[in-house]
Amino acid sequence: MSVPLIETKNLQKYFPTPRGMLHAVDGVNLAIERGNTLGVVGESGCGKSTLGRVILRLLDATGGEVLYNGENILTYNKQQMLQMRKKMQIIFQDPYASLNPRMTVSEIIAEPIKVCQTITDKNEMMDKVYELMDTVGLAQRFVNTYPHELDGGRRQRIGIARALALNPEFIVCDEPVSALDVSIQAQVLNLLMDLQDQRGLTYMFVTHNLSVVKHISTEIAVMYLGQCVERATSDELFANPLHPYTQALLAAIPIPNLKNRGKPRQTIRGEVTSPINPKPGCRFAARCPYATPECTAQDLQFKEVSPGHFVSCTKYQ
């Protein structure tokens with residue numbers, strides 16, 4: 001059996017607050033096979049982006065393991081992580097905030113190459129910059145342009161080119177299309193999928209847009225208040241959602257059909273549980289229409305209920 005490219009074991013990230021520890025990521029177990037895309041979905045504040053950053057060690061984990069090709073990179077020193085950076089990259093959500101406004105397009109794309117010293121000759125470096133611009137569909141006339149002179153779609157293409165500069169194997173896409181117009185979203189998504197086919201890339205695609213995640217993902221993980229509550233293949237999750245939170249998320253997807261105008265919508269009621277020092281049990285119980293005393297009695301197991309379909313719910317324990 002092949003080793004997953006990325007695997008997390010009981011991964012935790014807590015932040016200290018005046019009221020206690022905020023459990024942003026709490027006991028997450030994931031595996032991403034080489035060449036696949038794992039979509040991570042959930043409402044704002046559920047820990048999706050934090051999970052991606054902890055996997056890349058942009059944030060230090062509180063506990064658990066992050067395995068890259070079977071090796072725990074949380075034990076790596078600074079020099080070892082510098083080498084790992086060549087294999088792991090990130091595309092940020094806001095292309096304007098993540099680009100240095102004082103650097104030109106060529107300088108931004110060349111920056112990781114300079115830092116890691118993969119190319120030292122200036123002419124070779126510029127050739128590589130032009131090649132990357134062509135790869136992401138960015139015209140070479142923008143080579144000396146600054147980010148503020150470009151639209152959002154072109155800025156995000158710069159971010160993608162920068163992520164590809166070191167020929168990585170794994171890329172965390174942190175809501176890369178949420179700040180873009182719908183027509184531009186489709187272009188960037190198709191670009192990411194083409195790059196995956198051409199280069200054999202492995203993605204972790206963080207988003208709150210379920211239509212987008214269905215389009216691009218091989219497998220989907222649903223997060224709620226720092227925990228993964230359900231994970232399955234894309235087709236299986238949409239055809240057979242098991243967790244009440246997943247069912248509510250899918251019910252919220254707008255259906256572009258006038259016949260559905262009068263159809264009642266499934267809404268999530270109740271107060272969101274505090275992620276600061278949370279009590280044992282299901283964190284969705286306060287908002288779940290099927291909650292029983294058993295749901296809050298103890299922490300639930302993330303159980304495989306059918307091949308490749310995992311869920312954390314008392315209905316399936």
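# Exercises on a predicted model

Helix α5 (residues 152-164) has 13 residues and spans 19 Å from its first C-alpha to its last, close to the 18 Å expected at 1.5 Å a residue. The expected span is 1.5 Å times one less than the number of residues. Helices (H or I, at least four residues) and strands (E, at least two) are DSSP runs, numbered from the N terminus.

This is a predicted model: local features need pLDDT of at least 70, side-chain atom pairs count only at pLDDT 80 or more, and totals for chains, interfaces and linings use all residues. Residues are numbered from 1 along each chain as its sequence is written, and side-chain values use heavy atoms, with hydrogens and water left out.

## Exercise 1. The setting of α5

Task: determine which residues of α5 are buried and which elements they pack against.

Solution.

Step 1. Apply the cut-offs: buried means under 20% relative accessible area, exposed over 50%, partly exposed in between (1.4 Å probe, protein chains only).

Step 2. List the residues that pass. They are Gly153, Arg155, Gln156, Arg157, Ile158, Gly159, Ile160, Ala161, Arg162, Ala163 and Leu164.

Step 3. Draw the conclusion. Eleven of the 13 residues of α5 are buried, so the helix is largely enclosed by the rest of the structure.

Step 4. Find the packing partners, taking contact as heavy atoms within 4.5 Å. The buried residues pack against β6 (88-91), α3 (105-116), α4 (122-135), β7 (170-174) and α6 (182-199).

Step 5. Check the start of the helix. A side-chain oxygen of Asp151 comes to within 3.1 Å of the backbone nitrogen of Gly153.

## Exercise 2. Strand β7 and its partners

Task: find which strands join β7, and in which sense, parallel or antiparallel.

Solution.

Step 1. Set the criterion: two strands pair if DSSP finds at least two bridges between them.

Step 2. Take β6. Four bridges join β6 to β7, and the two run parallel. Within this pairing, Ile90 has Val172 of β7 as its bridge partner.

Step 3. Take β8 (residues 202-206). Five bridges join β7 to β8, again in parallel. Cys173 is bridged to Phe205 in β8.

Step 4. Inspect the faces. In a regular strand the side chains alternate between the two faces of the sheet. Phe170, Val172 and Asp174 lie on one side of β7, Ile171 and Cys173 on the other, and all are buried.

Step 5. Conclude. Five of the five residues of β7 are buried, so this strand is largely enclosed by the rest of the structure.

## Exercise 3. An open sheet

Task: work out the strand order of the open four-strand sheet and state which strands stand at its edges.

Solution.

Step 1. Read the order. It is β2-β1-β4-β5, with antiparallel pairing.

Step 2. Locate the edges. β2 (20-32) and β5 (71-72) each have a single partner strand, so one side of each is left without a neighbour in the sheet.

Step 3. Look at one pair. β1 and β2 are joined in the antiparallel sense over ten bridges. Leu11 has Val28 in β2 as its bridge partner.

## Exercise 4. Two buried polar residues

Task: identify the polar contacts made by the side chains of Thr246 and Gln196.

Solution.

Step 1. Define the term. A polar contact is a pair of N or O atoms within 3.5 Å; within protein, one must be able to donate a hydrogen and the other to accept it, and residues adjacent in sequence count only if both atoms are side-chain atoms.

Step 2. Treat Thr246. This residue lies in helix α9 (residues 244-251). Thr246 is buried, at 1% relative accessible area. Its side chain makes a polar contact of 2.8 Å with the side chain of Glu230. Setting aside residues up to four places away in sequence, Thr246 touches Val222, Glu230, Leu237 and Pro241.

Step 3. Treat Gln196. This residue lies in helix α6. Gln196 is buried, at 11% relative accessible area. A polar atom of its side chain lies 3.2 Å from the backbone oxygen of Gly35. With the same exclusion of residues up to four places away, Gln196 touches Gly35, Asn36, Thr37, Leu201, Thr202 and Tyr203.

## Exercise 5. The whole chain

Task: decide how the radius of gyration of the protein chain compares with the globule rule.

Solution.

Step 1. Count the elements. The protein chain has nine helices and twelve strands.

Step 2. Compare. The radius of gyration (over C-alpha atoms) is 21 Å, close to the 20 Å that the globule rule gives for 317 residues, so the chain is as compact as a globular protein of that length. The rule is 2.2 Å times the number of residues to the power 0.38.

Step 3. Add burial. Of the 317 residues, 49% count as buried.
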